[in-house]
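I opened this model to look up how its strands pair and what lines its largest pocket. My entries follow.

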Amino acid sequence: MTGLRNDHKAKMAEIETALHAVHAQAKQESGLEGSRRSEDVPFAKVDGVDPEGPGAEAGIKRGDFIMRFGPVDATKQLKDIADVVNANENKPVRVLVKREEQIMTLIVTPHRWSGRGLLGCHLVPV
């Protein structure tokens, strides 16, 4: 009986080693090795902020890089931000920005104000 347990343990260790090798190879072949998560990659830059707009109220500044805007990240298109803004009028939206070397989370609430749009920000693709 002891021989069977030892054989079982040895086989399980062999299987574990083989599985690690298979997953490492699949990861490397798919290009995921060393890749960054999509939320770590800036996909838009704030080109302008109206000082009276909702974006400025939330702390968004010209030169900020947008890494995530609600559910929108680098895997999506810039126009998807407009859909999020329109769907969340008067509701807070979490925005991940990179300012210089600092990454921070801001909460912006898109709403009507005296200027154009619901944010008062102009974004350009990176």
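I began with the hairpin: E3 and E4 form it with two residues between them, and Glu 100 in the turn has a positive phi of about 55°. The model is predicted, with local features needing pLDDT of at least 70 and side-chain atom pairs counting only at pLDDT 80 or more, while totals for chains, interfaces and linings use all residues. Residues are numbered from 1 along each chain as its sequence is written, and side-chain values use heavy atoms, without hydrogens and water.

I then checked the pairing (at least two DSSP bridges between two strands; strands are DSSP runs of E, at least two residues, and helices runs of H or I, at least four, numbered from the N terminus). Strands E3 (residues 93–99) and E4 (residues 102–108) run antiparallel and are joined by seven bridges; Leu 96 stands opposite Thr 105 of E4.

On E2, I found four bridges in the antiparallel sense to E3, where Phe 69 faces Val 95. Two bridges join E2 (residues 65–69) to the antiparallel E1 (residues 44–49), and Ile 66 in E2 is the bridge partner of Ala 44.

Last, I looked up the largest pocket (an open set of points on a 1 Å grid over the protein atoms alone, where a 1.4 Å probe fits, with protein on both sides within 12 Å along at least five of seven lines; lining residues have an atom within 4 Å of a point). Its lining has 16 residues, and Gly 117, Leu 118, Leu 119, Gly 120 and Cys 121 lie nearest the centre. Helix H3 supplies the largest share of this lining, five residues.
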